[in-house]
Amino acid sequence: MKEYTLNDLTVGEQAVVTNIECRGAMKRRLIDMGITPGVKVRLHKIAPLGDPLEIKLRGYMLSIRRSEAKNITVSKEPEA
């Protein structure tokens, strides 16, 4: 399966987090928000100017910057 970053998803697409590429405080912050390997995420919407992204994971909505999304590797799930 080809791997993408969370930044590559289009609205409505669902994927599974496979890796978090950053280190230190940023990685800890993403993990604290629930973004961990194996979690399913869906890109819900994109702000009018393109940043931030709103994703749904673990039953809640989360807004993250594109710069953070570029550090989150995901594998897309096939459409059901």
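This passage describes the core, strand pairing, backbone features and charged contacts of a predicted model.

The largest nonpolar core contains 20 residues. Within this core, the residues with the most contacts are Leu-6, Ile-35, Ile-55, Ile-64 and Ile-72. Two or more core residues are supplied by each of strand S2 (14-20), strand S3 (40-46), strand S4 (53-57), strand S5 (60-64) and strand S6 (72-76). The surroundings of Leu-6 illustrate how such contacts are distributed along the chain. When residues up to four places away in sequence are not counted, Leu-6 touches Val-41, Leu-53, Ile-55, Ile-64, Ala-69, Ile-72 and Val-74. Three of the core residues with the most contacts, Ile-55, Ile-64 and Ile-72, are thus among the residues touched by Leu-6.

Strand pairing was examined next. Strands S2 and S3 run antiparallel and are joined by three bridges. One pairing across these strands places Gln-14 opposite its bridge partner in S3, Arg-42. Strands S3 and S4 also pair in the antiparallel sense, over five bridges. Here the bridge partner of Ile-46 is Leu-53 in S4, and Leu-53 is also one of the residues in contact with Leu-6.

The connection between S3 and S4 is a hairpin with six residues between the strands. In its turn, Gly-50 has a positive phi of about 95 degrees. The loop between S3 and S4 also holds Pro-52. The peptide bond that leads from Asp-51 to Pro-52 is cis, and its omega is near 10 degrees. A further backbone feature is found in the loop between S4 and S5, where Arg-58 is located. Although Arg-58 is not a glycine, its phi is positive, at about 50 degrees. Arg-58 counts as exposed because its relative accessibility is 52%, above the 50% cut-off.

Attention then turned to charged side chains. Side chains of opposite charge can pair when their charged atoms come close. The count in this model comes to four salt bridges. One of them links the side chains of Asp-32 and Arg-28, with an N to O distance of 3.2 Å. Both residues belong to helix H1 (residues 24-32), where they are four residues apart, about one turn of the helix. Asp-32 is exposed, with a relative accessible area of 56%, whereas Arg-28 is partly exposed, at 48%.

A second salt bridge is formed by Arg-29 and Glu-68, whose closest N and O atoms are 2.3 Å apart. Arg-29 lies in helix H1 and Glu-68 in helix H2 (residues 66-69), so this pair ties together parts that are 39 residues apart in sequence. The two partners differ in accessibility: Arg-29 is partly exposed at 36%, while Glu-68 is buried at 3%. Glu-68 also meets Arg-65 in a salt bridge, at 3.2 Å from N to O. Arg-65 is partly exposed, with a relative accessible area of 47%. Through the shared partner, the salt bridges join Arg-29, Arg-65 and Glu-68 into one network.

Aromatic side chains were considered last. A search of the whole structure finds zero aromatic pairs. An aromatic ring does, however, take part in a contact with a charged residue: Lys-76 lies over the face of Tyr-4, at 4.1 Å from the ring centre.

Definitions and conventions
Residues are numbered from 1 along each chain as its sequence is written. This is a predicted model: local features need pLDDT of at least 70, side-chain atom pairs count only at pLDDT 80 or more; totals for chains, interfaces and linings use all residues. Side-chain values use heavy atoms; hydrogens and water are left out. Rings of Phe, Tyr and Trp (its six-membered ring) pair if their centres lie within 6.5 Å; planes under 30 degrees apart count as stacked, over 60 as edge-to-face and the rest as tilted. A charge sits over a ring if NZ of Lys or CZ of Arg is within 6 Å of the ring centre and within 35 degrees of the ring normal. A nonpolar core is a set of buried Ala, Val, Leu, Ile, Met, Phe, Trp, Tyr and Cys residues joined through side-chain atoms within 4.5 Å. Buried means under 20% relative accessible area, exposed over 50%, partly exposed in between (1.4 Å probe, protein chains only). Contact means heavy atoms within 4.5 Å. Two strands pair if DSSP finds at least two bridges between them.
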